[in-house]
Amino acid sequence: MKTLMVAGGQPADWPALAQDYQRYVGVDRGSLYLLEAGLPLDMAVGDFDSLQEKERQRVFAEAGSVSQSPAEKDDTDTQLALEKIFALDPAAEVTIIGATGGRLDHLLANLWLGLEPRFQPFLRQFRLLDRQNSVNFYGPGTYQVQPEAGMTYLAFCTLTSVAALTLTDVKYELNRQPMPQPTSYASNEFLPGIPATFSFTNGLIAVIQSRDA
């Protein structure tokens, strides 16, 4: 099921939204932002400590279901929501918005979702999206990446040590490059009319398409 998961980042940083989502999940204040945008709220997840009492009452009254967690916990609300989505629907395709542009500790937690063992089986099923960036996660293999409308740059960001990173059909190519630590091969570009191809044999990579503000 195509799922839009909305974290608590400001709606000003949201991308233009497609109309074909089948489930809408709000994370803490993201639940209120969904309602204010006139979108459904099928599930609300979080401790809801960012909401005032009237806002909390509205979310609880209008949500299809509510999963409330204690404020003091090991997981972030975003981690809890993603876990619940895949528990309900292991085949879910999840677009996460509102997860960037705010607190740096939250941003890092969201970028590192792909490193968590519980999310490894779903690595190609969730992505982060905002008005300037699209982030997809990849494990070892060979892949082609199509350019997304409106994006200018292409980056291959190693989140772990990576072996034999090869980039072809891009402006700046690599051939079986070892990378022992996380790094960003930033500001690459697609070649006109063809997808980019990349491969690696060990580790985890975030592929980011982006544009200037």
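Gln-144 sits across from Thr-197 of β13, in a predicted model where local features need pLDDT of at least 70, side-chain atom pairs count only at pLDDT 80 or more, and totals for chains, interfaces and linings use all residues. Numbering starts from 1 along each chain as its sequence is written, and side-chain values use heavy atoms, with hydrogens and water left out.

β8 and β13 (residues 196-200) are antiparallel partners over five bridges; strands count as paired if DSSP finds at least two bridges between them. Strands here are DSSP runs (E, at least two residues) and helices likewise (H or I, at least four), numbered from the N terminus. The two strands belong to an open, antiparallel sheet of four, in the order β8-β13-β10-β11. Because β8 (141-145) and β11 (174-179) are the edge strands with a single partner strand each, one side of each has no neighbour in the sheet.

Now to the charged side chains. The structure has ten salt bridges, each a side-chain nitrogen of Lys or Arg within 4 Å of a carboxyl oxygen of Asp or Glu. Three of them are listed here.

| Acid | Base | N to O distance |
|---|---|---|
| Asp-20 | Lys-2 | 2.8 Å |
| Asp-75 | Arg-118 | 2.8 Å |
| Glu-148 | Arg-127 | 4.0 Å |

Glu-148 lies in the loop between β8 and β9 (153-158) and Arg-127 in strand β6, so their bridge ties together parts 21 residues apart in sequence. Glu-148 is partly exposed at 24% relative accessible area (buried is under 20%, exposed over 50%, partly exposed in between, with a 1.4 Å probe and protein chains only). Asp-75 and Arg-118 also join Glu-83 and Glu-116 in a salt-bridge network.
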